[in-house]
Amino acid sequence: MEFKNLLLRKADGLGWITINRPDKLNALNHATLVELKNIFEELKNNDEVYSVIITGSGEKAFVAGADIAELNKLNMIEGKKIAEFGQSVFNTIENFEKPVIAAVNGFALGGGCELALACHFRVASENAKFGQPEVNLGIIPGYGGTQRLARLIGSGRAMEMILTGDMIDANEALRIGLVNKVFPASELQAKVFEIAQKINSKGQQAIRLAVKAVKAVDKMNLNEGLDFEAVLFGLCCGTEDFKEGTSAFLEKRKPAFKNK
Ligand code: COA
């Protein structure tokens, strides 16, 4: 598949997606959103890719938001449609069965912050900046920001970010749980690679079921979630990886997972 606004590198069990419109600070125009949806379809069917990392091209931005030049032309009906489409792309990412990590390497604003929020977790460089500045443009977040930000950092903090439009820096994002780790910019790629390799070294059946189980927290109440967890735990017990992992422990050796 050919991509105009994205770069895809597949290596070492990883699919690296780079949003690649550096002259527009990687702003998400419609064409880029369509490519993002397609790239996840491709990665879903690629057995050599165990996990996915999303980052931005250049040193300045992860993604500086939805493309404001495109937004400027929307009417009411088109606005609703574009929000629904963006949400569907980000739902695809959130519901992706393999782990998806955001490596936030600069501005993550508006749709960029929402893209990071749709990933399963986030790490950032020291120069990263996060914000939902939509109110400055007379709009509200439309690609899931009002919902995912509030779920991740709490409604009070999300409300403040969304109502003021203020940016926060990487350390503040770390403090409030918006990102898991912060690294010097020059180390971000190597560190996120390390984290992804650790995940890739486990049995991938368990990894994928763990992603599914944790994501259920937004869809189920506690009792439903616990029932679901028990079912997925049972599924794990039917895998070859489970036999291998438990046997390897008992035999005091390293497991050799086959992801089956
Ligand atoms: N949509 C479209 N183009 C964007 C963009 C966006 N969200 N963000 C940046 N760009 C473009 C700029 O228009 C500029 O293009 P030009 O060189 O053709 O004029 C280029 O990217 C560089 O941006 P610039 O504003 O010159 O960089 P800066 O370092 O002065 O400022 C930001 C960086 C991120 C603070 C600033 O670009 C900004 O506020 N962007 C919009 C953020 C936003 O509101 N996002 C939410 C959208 S819903």
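Helix H10, residues 222-236, contains 15 residues and reaches 21 Å from its first C-alpha to its last, close to the 21 Å expected at 1.5 Å a residue. At the start of H10, a side-chain oxygen of Asn221 comes to within 3.1 Å of the backbone nitrogen of Asn223. The model described here is a predicted one, and this report treats in turn its ligand, one of its strands and several individual residues.

## The surroundings of the ligand

How many residues surround the ligand? There are 17 of them, and the closest are Lys24, Lys60, Ala64, Ala66 and Ile68. By chemical character, the shell divides into ten nonpolar, two polar and five charged residues.

Polar backbone atoms of the protein approach the ligand at several points. A backbone N or O atom of Ala66 lies 2.9 Å from a nitrogen atom of the ligand. A polar backbone atom of Ala64 is 3.0 Å from a nitrogen atom of the ligand. In the case of Asp23, a polar backbone atom is 3.4 Å from an oxygen atom of the ligand. On its own, the ligand has 860 Å² of accessible area, of which the protein covers 60%. Two elements give two or more residues each to the shell around the ligand, namely helix H2 (68-71) and strand S6 (107-109).

## Strand S7 and its partners

Is strand S7 enclosed or open to the surroundings? Five of the five residues of S7 (residues 121-125) are buried, so this strand is largely enclosed by the rest of the structure. In a regular strand the side chains alternate between the two faces of the sheet. Both faces of S7 are covered, since Phe121, Val123 and Ser125 on one side and Arg122 and Ala124 on the other are all buried.

S7 pairs with strand S5 (residues 100-104) in the parallel sense, over four bridges. Within this arrangement, Ala102 stands opposite Arg122 of S7. S7 also pairs in the parallel sense with strand S10 (residues 181-183), over three bridges. Here the bridge partner of Val123 is Lys181 in S10.

## Buried side chains with polar contacts

Asn26 belongs to the loop between strand S2 (14-19) and helix H1 (30-44). Because its relative accessibility is 0%, Asn26 counts as buried. A polar atom of the side chain of Asn26 lies 3.0 Å from the backbone oxygen of Ser57.

Gln204 is located in helix H9 (residues 204-215). Is Gln204 buried or exposed? Its relative accessible area is 1%, and therefore Gln204 is buried, the limit for that class being under 20%. The side chain of Gln204 reaches the backbone oxygen of Lys202 at 2.9 Å, and it also reaches the backbone oxygen of Ile199 at 3.0 Å.

## Residues with positive phi

Most residues other than glycine have a negative phi. Two residues of this model may be considered against that background. Phi of Asp12 is near 55°, a positive value in a residue other than glycine. Asp12 is placed in the loop between strand S1 (6-11) and S2. Leu25, although not a glycine, has a positive phi of about 50°. This residue lies in the loop between S2 and H1.

## Partly exposed residues

The table below lists three residues with their locations and relative accessible areas.

| Residue | Location | Relative accessible area |
|---|---|---|
| Leu25 | loop between S2 and H1 | 26%, partly exposed |
| Leu152 | helix H5 (residues 145-153) | 34%, partly exposed |
| Asp166 | loop between helix H6 (155-164) and strand S9 (167-169) | 45%, partly exposed |

Why is Leu152 placed in the partly exposed class? Its relative accessible area is 34%, and the class holds values between the buried limit of under 20% and the exposed limit of over 50%, so Leu152 is partly exposed.

Separations in sequence and in space can also be stated for two of these residues. Leu152 and Gly131 are 21 residues apart in sequence, and their C-alpha atoms are 14 Å apart in space. Asp166 and Gly234 are 68 residues apart along the chain, and their C-alpha atoms are separated by 46 Å.

Note on methods:
Residues are numbered from 1 along each chain as its sequence is written. This is a predicted model: local features need pLDDT of at least 70, side-chain atom pairs count only at pLDDT 80 or more; totals for chains, interfaces and linings use all residues. Side-chain values use heavy atoms; hydrogens and water are left out. A residue is near a molecule or strand if one of its heavy atoms lies within 4 Å of it. A polar contact is a pair of N or O atoms within 3.5 Å; within protein, one must be able to donate a hydrogen and the other to accept it, and residues adjacent in sequence count only if both atoms are side-chain atoms. Accessible areas come from the Shrake-Rupley method with a 1.4 Å probe; for residues, only the protein chains shown count as cover. Ala, Val, Leu, Ile, Met, Phe, Trp, Tyr, Cys and Pro count as nonpolar, Asp, Glu, Lys and Arg as charged, and the others, Gly among them, as polar. Buried means under 20% relative accessible area, exposed over 50%, partly exposed in between (1.4 Å probe, protein chains only). Two strands pair if DSSP finds at least two bridges between them. The expected span of a helix is 1.5 Å times one less than its number of residues.
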